[in-house]
Amino acid sequence: MSVIAKLKLVASKRERFTSPTVARRQKLADKLEEQLALCTAQKNGTVYAPKRIKTVTNADGVRVRVEAVKRVKEWFWTTSSGKINLAVRYGSKTLELGKGKNAIELSTGEELISTLALLKDAVIAGELDDAIANASDKLRAGFGK
């Protein structure tokens, strides 16, 4: 029996374009994953420094690609009462999670990590599509001036 005969063959066509809604969900899920990695690194006492490829012009005037540390801003902060607040961001806009509510109040770092994982699952399931669409529209409107 040949190797090809052992494989399950199907007729399939690769999708070239994804819907904007799915692309927005994936973008936010990736950012939530970064925040989750940042929180986990802080909990373990290590530094989270993801790399990215950047194009720069060197002293000779030649454009070269170099690896640089990507800057990741924290979406969470500690209040004066000792609680941790978490605001979910899409681009430069903060998502409105409830009517007039833009942050989640948490008590511990462990709760922060579990909440970020829960939020990532909610984003992938499409629970925050309306809030993402509103933030995306506001961002897009800022470019049209």
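**Figure 1. Leucine 7 and the N-terminal nonpolar patch.** Leucine 7 sits in the loop that connects helix H1 (3–6) to helix H2 (20–44). The model shown here and in every view below is predicted. On the surface, Leu7 joins Val3, Ile4 and Leu9 in a nonpolar patch. Together these four residues have about 440 Å² of accessible area.

**Figure 2. The whole chain.** Four helices and seven strands make up the secondary structure. Along the sequence their order is α-α-β-β-β-β-β-β-β-α-α. The chain is more spread out than a compact globule, because its radius of gyration is 20 Å, well over the 15 Å that the globule rule gives for 145 residues. The C-alpha trace spans about 70 × 50 × 45 Å along its principal axes. Of the 145 residues, 26% are buried. The accessible surface of the chain is about 10,800 Å². Carbon and sulfur atoms account for 52% of that surface. Among contacts between residues at least 6 apart in sequence, 50% join residues at least 24 apart.

**Figure 3. The S1–S2 hairpin.** Strand S1 covers residues 51–57, and strand S2 covers residues 63–69. The two strands run antiparallel and are joined by seven bridges. One pairing to look for is lysine 54, whose bridge partner in S2 is valine 66. Five residues lie between S1 and S2 in this hairpin. Glycine 61 is in the turn, with a positive phi of about 85°. In a regular strand, side chains alternate between the two faces of the sheet.

**Figure 4. Glutamate 34 and its salt bridge to lysine 70.** Glutamate 34 belongs to helix H2. Is this residue buried or exposed? Glutamate 34 counts as buried because its relative accessible area is 14%, under the 20% cut-off. Leaving out residues up to four places away in sequence, glutamate 34 touches Tyr48, Lys70 and Val72. With lysine 70, the side chain of glutamate 34 forms a salt bridge, 2.4 Å from N to O. This pair links distant parts of the chain, with 36 residues from one partner to the other. Lysine 70 lies in the loop between S2 and strand S3 (76–78), while glutamate 34 is in helix H2. The lysine partner is partly exposed: lysine 70 has 26% relative accessibility.

**Figure 5. A salt bridge between helices H2 and H3.** Five salt bridges are present in the structure. One of them joins the side chains of glutamate 33 and lysine 120, at 2.6 Å from N to O. Glutamate 33 is in helix H2, and lysine 120 is in helix H3 (residues 109–125). The partners are 87 residues apart, so the bridge links distant parts of the chain. How accessible is glutamate 33? Its relative accessible area is 34%, which makes glutamate 33 partly exposed. Lysine 120 is also partly exposed, at 22% relative accessibility.

**Figure 6. A salt bridge within helix H4.** The side chains of arginine 140 and aspartate 137 meet in a salt bridge, 3.2 Å from N to O. Both residues lie in helix H4 (residues 129–143). Three residues separate them in sequence, about one turn of the helix. Arginine 140 is partly exposed, with 46% relative accessibility. Aspartate 137 is partly exposed too, at 40%.

**Figure 7. The surroundings of leucine 106.** Leucine 106 is part of strand S7 (residues 104–106). Why does leucine 106 count as buried? Leucine 106 counts as buried because its relative accessibility is 4%, and buried means under 20%. Which residues are in contact with leucine 106, leaving aside neighbours within four places in sequence? The contacts are Lys83, Ile84, Leu86, Glu111, Leu112 and Thr115. For lysine 83, the C-alpha atom is 5.9 Å from that of leucine 106. Along the chain, lysine 83 and leucine 106 are 23 residues apart.

How values were computed
Residues are numbered from 1 along each chain as its sequence is written. This is a predicted model: local features need pLDDT of at least 70, side-chain atom pairs count only at pLDDT 80 or more; totals for chains, interfaces and linings use all residues. Side-chain values use heavy atoms; hydrogens and water are left out. Patches are made of residues with over 30% relative accessible area and no salt bridge: like charges are joined within 9 Å, nonpolar side chains (Val, Leu, Ile, Met, Phe, Trp, Tyr) within 5 Å. Accessible areas come from the Shrake-Rupley method with a 1.4 Å probe; for residues, only the protein chains shown count as cover. Buried means under 20% relative accessible area, exposed over 50%, partly exposed in between (1.4 Å probe, protein chains only). Contact means heavy atoms within 4.5 Å. Two strands pair if DSSP finds at least two bridges between them. The radius of gyration is taken over C-alpha atoms; the globule rule is 2.2 Å times the number of residues to the power 0.38.
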